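Visitor: I would love a close look at one part of this structure, with some of its surroundings for context. Could you walk me through it at an unhurried pace?

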Amino acid sequence: MAVIWSALGVIGGVLDWETINKTIFQAGPESFGPTAVNIIFGSWFGRILLETGIARTIIRKAVELGGDKPAFTCVLLCVVVTGIFTTAYGAGAVVAIGVIVFPIMLSLGISKSLATASYAMSVGCGLYLNSSLLTQAAGTMALGEEKYNPLSPEWYRFAGIALAIHLIFVIIMVVLGVRKEQKVHAWAAAAGTSSSENVSMIACITPLLPVFFAIAFGFSSIVAIIVAVIWALFFTKNLKNWDGIAKIVEKTFYDGVSDVGLTLGFLLFLQMFIKAAGSCKDLLAPIVSPILPSNLFLLFLVFGLLGFLALFRGPTTIWGAGTATFAILAGTGLYPLSILYPLFYIPCCTITTSICPTQSWNMWAIGYNKVSVKDFLRQVLPYALPLCLILEMVAYAMFAM
């Protein structure tokens with residue numbers, strides 16, 4: 001696609017070889033370097049939570065608190081998963097947590113489609129606050145040297161509201177789903193946990209620390225993660241000797257990078273496409289500008305109503321064909337990044353990462369539980385689509401009014 005758009009630019013007279021050579025295919029991936037680093041550290045943090053036993057302990061505590069109430073236990077697990085993925089990131093972390101959570105949900109009598117849907121949407125729920133995905137999106141939506149800063153009080157206010165609304169929809173889906181199934185549940189959730197010892201409760205607050213440090217003290221994302229990692233290692237008794245520290249850090253960092261390797265490859269090539277499409281904006285602007293709504297409320301409303309177009313890498317998600325849509329909208333100069341970022345991030349998070357079958361971890365969950373894509377979408381779409389519309393309206397009220 002980058003080659004095709006570059007060719008169109010040459011034919012239209014807006015691109016030359018020098019720009020293609022140095023700006024699109026060289027500077028494009030290079031410009032994504034800082035964002036790639038944040039993604040790697042977020043994935044590493046997810047592996048720390050797994051390796052130290054923190055994630056497993058939190059899940060076990062939620063199951064114990066839920067007792068023999070399937071809906072309540074499932075809701076608690078969804079809350080825990082949401083909390084973990086406010087900071088953890090990467091397909092590896094999603095899979096590693098999933099293989100703990102799914103056996104518990106299924107042993108409660110939760111149907112496979114509901115278990116898959118609630119877990120996938122819970123992962124997506126945490127990503128409104130996840131610095132790795134936020135900076136990833138900011139890097140993708142950069143306009144030259146200009147880049148939106150999502151790690152700001154303004155965004156965190158919106159993200160907190162978005163997370164709460166998203167979680168309410170997940171809870172409603174679980175409660176209505178369990179009530180509809182009306183099964184008699186045999187308590188066997190212990191099968192989903194191991195006999196390993198629990199870590200201390202003070203260690204269990206680790207997933208919340210990076211977000212807390214960023215909001216309360218203005219820590220940068222990487223500093224916040226490093227401090228949280230030290231906290232985790234100390235309170236799980238993994239700071240006893242240098243050999244032990246080296247072993248766990250090496251293993252988790254290696255696994256963390258491996259978890260996001262393909263994602264980074266996709267995103268680096270995506271930068272070429274974005275640069276190429278952006279370079280053609282002068283050709284597209286005269287065609288597109290007349291049909292774009294000048295009313296911001298209408299723009300947010302359209303994106304909310306067309307949330308389903310973020311499925312299967314469609315034109316409203318920057319993790320797909322929406323990169324061209326973004327380049328066109330940004331190229332008109334009508335909308336600042338402070339408007340475009342929430343406008344595009346909502347369908348990317350609410351739809352693409354939460355429920356789209358083309359998202360790697362969603363496809364894994366569907367395959368792991370042997371659920372058909374049709375049944376999965378039938379379960380999630382009645383909740384995710386209105387959620388996307390509501391969050392676009394909230395974003396309009398907070399960023400555009």
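Visitor: Is Tyr368 buried, exposed or partly exposed?

Guide: Happy to take you there, with the reminder that you are looking at a predicted model. Tyr368 has a relative accessible area of 35%, and that makes it partly exposed, because buried means under 20% and exposed means over 50%. Its place is in helix H19, which covers residues 360-368. Leaving aside residues up to four places away in sequence, Tyr368 touches Val99, Phe102 and Pro103. For a sense of scale, take Asn38: Tyr368 and Asn38 are 330 residues apart in sequence, and their C-alpha atoms are 29 Å apart in space.

From Tyr368, let us move on to helix H20, residues 373-400, which packs with helix H8, residues 112-126. Their axes are 8 Å apart and the angle is about 40 degrees, and the crossing of H8 and H20 is right-handed. On the H8 side, the residues in contact are Ser113, Leu114, Thr116, Ala117, Ala120 and Met121. They meet Asp375, Phe376, Gln379, Val380, Ala384 and Leu387 in H20. By character, the residues of this contact divide into eight nonpolar, three polar and one charged.

H20 also takes part in the aromatic pairs, of which the structure holds 27. In one of them, the rings of Phe158 and Phe399 have their centres 5.5 Å apart and their planes at 70 degrees, so this pair is edge-to-face. Phe158 lies in helix H10 (residues 153-181) and Phe399 in H20, so the pair ties together parts that are 241 residues apart in sequence. Phe158 counts as buried, at 0% relative accessibility, and Phe399 counts as buried too, at 11%. Both residues belong to one aromatic cluster, together with Tyr148, Trp155, Tyr341 and Tyr345.

For another edge-to-face pair, turn to Phe234 and Phe235, with 4.9 Å centre to centre and 90 degrees between the planes. Here Phe234 counts as exposed, at 52% relative accessibility, while Phe235 is partly exposed, at 27%. Further along the chain is Lys237, in the loop between helix H12 (221-235) and helix H13 (242-259). Lys237 is not a glycine, yet it has a positive phi of about 60 degrees, and at 62% relative accessibility it counts as exposed. A positive phi near 60 degrees also turns up at Arg313, again a residue other than glycine. Arg313 is found in the loop between helix H16 (296-305) and helix H17 (322-331), and it is partly exposed, at 25% relative accessibility.

Gln136 is worth a stop as well: it lies in helix H9, residues 131-140, and counts as buried at 3% relative accessibility. Setting aside residues up to four places away in sequence, Gln136 touches Phe32, Thr35, Ile39, Tyr89, Leu267 and Trp319.

Finally, a word on confidence. The protein chain averages a pLDDT of 89, and 95% of the residues score at least 70. Confidence is highest in H20, at a mean of 97, and lowest in helix H15 (residues 281-288), at 71. Over residues 184-195 the pLDDT is below 50, and this stretch has 21 contacts in the model beyond near neighbours in sequence.

Terms used:
Residues are numbered from 1 along each chain as its sequence is written. This is a predicted model: local features need pLDDT of at least 70, side-chain atom pairs count only at pLDDT 80 or more; totals for chains, interfaces and linings use all residues. Side-chain values use heavy atoms; hydrogens and water are left out. Axes are lines fitted to C-alpha atoms, for helices over the stretch in contact, and angles run from 0 to 180 degrees between N-to-C directions. Helices (H or I, at least four residues) and strands (E, at least two) are DSSP runs, numbered from the N terminus. A crossing is left-handed if the near helix is turned anticlockwise from the far one by less than a right angle, and right-handed if clockwise. Contact means heavy atoms within 4.5 Å. Ala, Val, Leu, Ile, Met, Phe, Trp, Tyr, Cys and Pro count as nonpolar, Asp, Glu, Lys and Arg as charged, and the others, Gly among them, as polar. pLDDT is the predictor's confidence in each residue, from 0 to 100. Buried means under 20% relative accessible area, exposed over 50%, partly exposed in between (1.4 Å probe, protein chains only). Rings of Phe, Tyr and Trp (its six-membered ring) pair if their centres lie within 6.5 Å; planes under 30 degrees apart count as stacked, over 60 as edge-to-face and the rest as tilted.
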